[in-house]
Amino acid sequence: MAGVVLLCVASVAAAYEDPPTVGISSMANNPAWFPAAVYKKVPRGRKSLLLEMHVDARGKWTSTKVIESSGWEAIDAAYVKASQRWDYQAAVRDGERVAGVMRLPVSFCLVACEPVPAITSTEQAAVEPQDTPAELDLSSRYGKAPIYPGQAYRDGLEGEAIVVCHVAADGTLADAVVETSSGWAVLDEAALVAVKKWTYTAARKNGVPVPGQVRIPVSFKQP
């Protein structure tokens, strides 16, 4: 899967009732952007780093430190810069909001480095041929077009990502995976953010809604 996997871990400071947290949606909407040169120099494959963020009692970011480097200064710097744009919640101690520290491991790929996972026997039953396949509501796509990352646009980055959307029986998006990368992680991330804003219609089998999949091309082309 292309993009970034982000997991919050316990705060490094002790005795919080609730440790500081970061808003996942703000991270998705403000991904790290890498200079074009990074894609030419850094080998493909999964990379990781560990960030330490300091959050004040108002829930405002104050500083970020790289605890474990990705091995590439430009990548570390991009994540430090991105962390300044994310939303946070302050830690709570004795019922009061207090300044705190949290650590965030980050794992990512510069391009798609994993295919769509093979379907297990349990999942196979859920995606057997349906009378009516799952569908994207095109009106939602036109109403919420993918957002071209500004810096990527200025750098002339283009491409098309193919995203596999797993649609639950109630029509909600259960998961989305980049099957074919656009060639640029920043565009793949933008594609994932876009499909999560759209609406879907569940597949049907024997007239009953069932889980299904739909493949969606998301293009970023400059005029």
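This report covers salt bridges, strand pairing, aromatic pairs and part of helix 3 in a predicted model.

## Salt bridges

The model contains 4 salt bridges. The table gives three of these pairs, with the N to O distance for each.

| Pair | N to O distance |
|---|---|
| K65 and E52 | 3.9 Å |
| D56 and R58 | 2.9 Å |
| R215 and E179 | 2.8 Å |

K65 and E52 meet through their side chains. K65 belongs to strand 4 (residues 61–68) and E52 to strand 3 (residues 46–55), so this salt bridge ties together parts that are 13 residues apart in sequence. The two partners fall into separate accessibility classes: K65 is partly exposed, at a relative accessible area of 47%, whereas E52 is buried, at 6%. E52 and K65 also belong to a network of salt bridges in which R103 is linked with them.

In the salt bridge between D56 and R58, the closest N and O atoms are 2.9 Å apart. D56 is buried, with a relative accessibility of 14%. R58 is exposed, with a relative accessible area of 64%. An exposed residue has a relative accessible area over 50% and a buried one under 20%, so R58 at 64% is classed as exposed and D56 at 14% as buried.

R215 and E179 form a salt bridge between their side chains. R215 lies in strand 15 (residues 212–220) and E179 in strand 11 (residues 173–180), so the pair connects parts of the chain that are 36 residues apart in sequence. R215 is partly exposed at 47% relative accessibility, and E179 is partly exposed at 27%.

## Strand 10 and its partners

Strand 10 covers residues 159–167, and 7 of its 9 residues are buried, so the strand is largely enclosed by the rest of the structure. Strand 10 pairs with strand 15 and with strand 11. With strand 15, strand 10 runs antiparallel, and 9 bridges join the two. Within this pairing, E160 stands opposite S219 of strand 15.

The pairing of strand 10 with strand 11 is likewise antiparallel and extends over 6 bridges. Here H166 has D175, in strand 11, as its bridge partner. Strands 10 and 11 form a hairpin with 5 residues between them. G171 lies in the turn of this hairpin and has a positive phi of about 90 degrees.

Strands 11 and 15, each of which pairs with strand 10, are also the strands that hold E179 and R215, the residues of the salt bridge described above.

## Aromatic pairs

The whole structure has 2 aromatic pairs. In one of them, the ring centres of Y148 and Y153 are 5.1 Å apart and the ring planes stand at 90 degrees, so the pair is edge-to-face. Y148 is buried, at 19% relative accessibility, while Y153 is partly exposed, at 36%. The cut-off for a buried residue is under 20%, so Y148 at 19% is classed as buried.

The rings of Y148 and F220 have centres 5.4 Å apart and planes at 75 degrees, so this pair is also edge-to-face. Y148 and F220 link distant parts of the chain, 72 residues apart: Y148 is in the loop between helix 5 (138–143) and helix 6 (150–154), and F220 is in strand 15. F220 is buried, at 2% relative accessibility. Together, Y148, Y153 and F220 make up one aromatic cluster.

## Helix 3

Which residues does D76 touch, leaving aside those up to four places away in sequence? The contacts of D76 are L49, V66, S69 and S70. D76 is in helix 3 and is buried, at 9% relative accessibility.

A77 is also placed in helix 3, which covers residues 73–83. A77 is partly exposed, with a relative accessible area of 44%. The C-alpha atoms of A77 and K65 are separated by 9.8 Å, and the two residues are 12 residues apart along the chain. K65 is the strand 4 residue whose side chain meets that of E52 in a salt bridge.

How values were computed
Residues are numbered from 1 along each chain as its sequence is written. This is a predicted model: local features need pLDDT of at least 70, side-chain atom pairs count only at pLDDT 80 or more; totals for chains, interfaces and linings use all residues. Side-chain values use heavy atoms; hydrogens and water are left out. Helices (H or I, at least four residues) and strands (E, at least two) are DSSP runs, numbered from the N terminus. Buried means under 20% relative accessible area, exposed over 50%, partly exposed in between (1.4 Å probe, protein chains only). Two strands pair if DSSP finds at least two bridges between them. Rings of Phe, Tyr and Trp (its six-membered ring) pair if their centres lie within 6.5 Å; planes under 30 degrees apart count as stacked, over 60 as edge-to-face and the rest as tilted. Contact means heavy atoms within 4.5 Å.
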